[in-house]
Every structure is written in C-alpha cells, then in structure tokens.
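Good morning, everyone, and thank you for making the time. I would like to walk you slowly through one structure, so please keep it in view while I talk.

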Amino acid sequence: MQQADLAFDSAPTEEGPARLTAWQPAAWTVAPGWRDVVQTFLDSPAGQRIAQFVTQRLAAGAVVYPPEPLRALAFTPLDRIRVVILGQDPYHGAGQAEGLAFSVAPGVKIPPSLRNIFKELVRDGCLQQAPVSGSLSAWAERGVLLLNSSLTVEEGLPASHAKQGWEGLTDAVLVAVAAHAPACVYLLWGAHAQAKAPLIENTAAAHGRQALVLTANHPSPLSALRPPVPFLGCGHFSAAQHWLTERDCPIDWTLAAGKH
C-alpha cells in the first residue's frame with residue numbers, strides 16, 4: 001500500500017502567497033495517530049476522487065489554498081484532542097488559509113468571522129482583550145482540532161472544492177475523535193457544522209465517550225447576531241472551559257497578543 005502525500009510550497013514566493021502546487025504520492029505530514037485514518041481515506045473512492053479533482057484543477061491553472069491541507073492533523077494528535085471547532089472550507093483569499101479552521105497566519109488581516117470569535121471570547125470572560133494576530137496555532141497545540149469539512153478551496157471561489165471527496169476524510173476524523181476522546185467538546189457553528197451533530201453524538205454514545213455538543217449560528221457578520229442562537233452571546237468558550245475543567249482536562253483559550 002503506497003502512502004499518498006501532498007507536495008507543498010511552505011512559504012510565500014516571488015509569485016505570491018503560499019499555495020498548493022501538486023498532489024503527489026511522496027510525503028504527507030500528519031501526527032502518528034492520524035496515519036491510518038488518512039491512508040484509509042486515500043485508498044477509498046472518495047480519496048481517489050478528490051486526488052483526481054485537485055490534480056485536474058491545478059493542471060487547469062487554478063490557484064488552490066492552503067499550502068498544507070492536513071495541517072490540523074499535524075498540529076493536533078488524536079490522543080490530545082479536547083475540543084473540536086468545525087468550519088466549512090478554508091479562506092479563499094490570497095495568503096489567508098493556513099490549514100487550521102478560522103485561523104490566519106500572523107501578519108494577515110483578521111477576517112470578520114475570526115474578529116467575532118475574538119469578540120465573543122472577550123465577552124465570555126476568556127480573554128481580556130482581542131488578540132492582534134489571527135493565528136490560532138496555540139489552540140491547535142493545546143488540543144483544539146481546527147477542522148474544515150472541505151480541506152482545499154480555489155482563490156476567490158468559496159466552497160469550490162466542497163462535495164468533491166474531502167468530506168469522507170473529515171467525517172472519518174470526527175468519528176475517530178468521538179470514538180477515542182474520553183471527553184470532548186464540539187463547537188458547531190452554523191447549519192453546515194450542526195449537521196454533523198448526530199454523527200458525533202451517536203459515535204460517542206456507542207463507545208461510551210463523553211461529548212458536549214454546543215451549537216450556535218456561524219460567527220460570520222451575516223449571521224452572528226441572528227436567531228435562533230446568535231453566535232455573539234452564546235457563551236460556548238466558558239461553557240467548554242467549565243465542562244472540561246470538571247473532567248480534569250481544562251482548556252486554555254488565551255492567545256498571545258503578538259504583533260502584525
């Protein structure tokens with residue numbers, strides 16, 4: 001069984017921001033606990049479908065982000081996960097997507113949805129002030145899986161790689177977390193993420209795991225204040241912090257102030 005991997009431009013070049021340049025069977029970097037999940041996906045029809053799709057789009061000249069689609073699985077090992085935040089697909093602006101849902105690299109302008117996430121963290125008492133950097137890599141290193149349902153996107157075309165096969169992997173990732181994490185909080189914002197609640201809850205129940213599923217509107221300015229459950233004011237961060245602390249696996253939501 002061959003290991004299929006991605007080849008990445010890992011930093012901006014003279015031609016522009018870092019982007020995915022090729023789909024190659026070579027060197028896929030993920031934490032050890034994810035290797036079987038990833039390889040099973042790559043060998044599946046869905047895995048072969050997304051490989052063919054991305055290869056064809058790159059050959060047609062499409063600019064595809066992020067440069068490292070599986071970065072969330074490299075940052076956050078399966079056995080360390082305490083929180084899952086599920087996004088829809090990566091940011092589609094140049095230089096924005098970095099392979100972690102809702103996160104952007106230091107120095108990149110903070111997108112509106114992330115600004116609302118920071119606003120809610122402050123309102124909820126988990127941060128004293130909003131960070132000036134949009135990087136959430138510190139969360140990923142502490143056990144917050146920042147997962148998008150679709151792991152690639154084309155520049156300027158939101159959801160352009162949705163329903164092309166990635167969902168087979170991201171659903172498998174959710175199943176793996178729900179089956180293995182003794183206690184985990186799932187933050188599902190917006191209808192797309194909330195559709196995964198039954199998968200998570202049924203899997204956790206079948207394996208005797210504790211799962212706290214919290215739902216609210218998406219943090220996008222278009223929906224953050226709308227009913228039925230406005231994102232701003234949802235209290236998800238303090239609720240997660242309290243629930244996990246009671247189970248002796250507290251989460252730290254603080255982020256360094258940083259500099260642009």
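Let me begin with a word that I will use often: a residue is called buried when its relative accessible area is under 20%. Please also keep in mind that what you see is a predicted model.

With that cut-off in hand, take Asp124, which has a relative accessible area of 14% and is therefore buried. Asp124 sits in the loop between helix H4, residues 112-123, and helix H5, residues 137-141. If we leave aside its neighbours within four places in sequence, Asp124 is in contact with Gly235, His236, Phe237 and Ser238.

One of those partners, Phe237, leads us further inside. Phe237 belongs to the largest nonpolar core, which has 84 residues, and it is listed there among those with the most contacts inside the core, together with Trp34, Ile85, Trp139, Val177 and Trp253. Again leaving aside neighbours within four places in sequence, the contacts of Phe237 include Asp124, Trp139 and Trp253, and also Leu187 and Trp189.

Those last two residues bring us to strand E7, residues 183-189. How many of the residues of E7 are buried? Seven of the seven are, so the strand is largely enclosed by the rest of the structure. As a general point, in a regular strand the side chains alternate between the two faces of the sheet. In E7 both faces are covered, since Ala183, Val185, Leu187 and Trp189 are buried on one side, and Cys184, Tyr186 and Leu188 are buried on the other.

Which strands pair with E7? Strand E4, residues 83-87, pairs with E7 in the parallel sense over four bridges, and Ile85 stands opposite Leu187 there. Strand E8, residues 210-216, also runs parallel to E7 and is joined to it by seven bridges, with Ala211 of E8 standing opposite Cys184.

Finally, let us turn to the empty spaces. The largest pocket has a volume of about 360 Å³, and of the 20 residues that line it, Asp89, Pro90, Tyr91, Ser113 and His218 lie nearest its centre. By class, that lining has eight nonpolar, ten polar and two charged residues.

The largest cavity has a volume of about 30 Å³, and its lining is made up of Pro69, Pro90, Gly99, Leu100, Asn148, Ser150 and Leu151. Four of these lining residues are nonpolar and three are polar, with no charged residue among them.

Key: Residues numbered from 1 in each chain as written. Predicted model: local features only at pLDDT ≥ 70, side-chain atom pairs only at ≥ 80, totals over all residues. Heavy atoms only, no water. Buried < 20%, exposed > 50% of the residue type's maximum accessible area, 1.4 Å probe, protein only. Pairing = 2+ DSSP bridges. Core = buried A, V, L, I, M, F, W, Y, C linked by side-chain atoms within 4.5 Å. Contact = heavy atoms within 4.5 Å. 1 Å grid on protein atoms, 1.4 Å probe; cavity = no way out; pocket = protein on both sides within 12 Å on 5 of 7 lines; lining within 4 Å. Points joined across faces, edges and corners; volume = space filled by probe spheres on them. Nonpolar A, V, L, I, M, F, W, Y, C, P; charged D, E, K, R; others polar.
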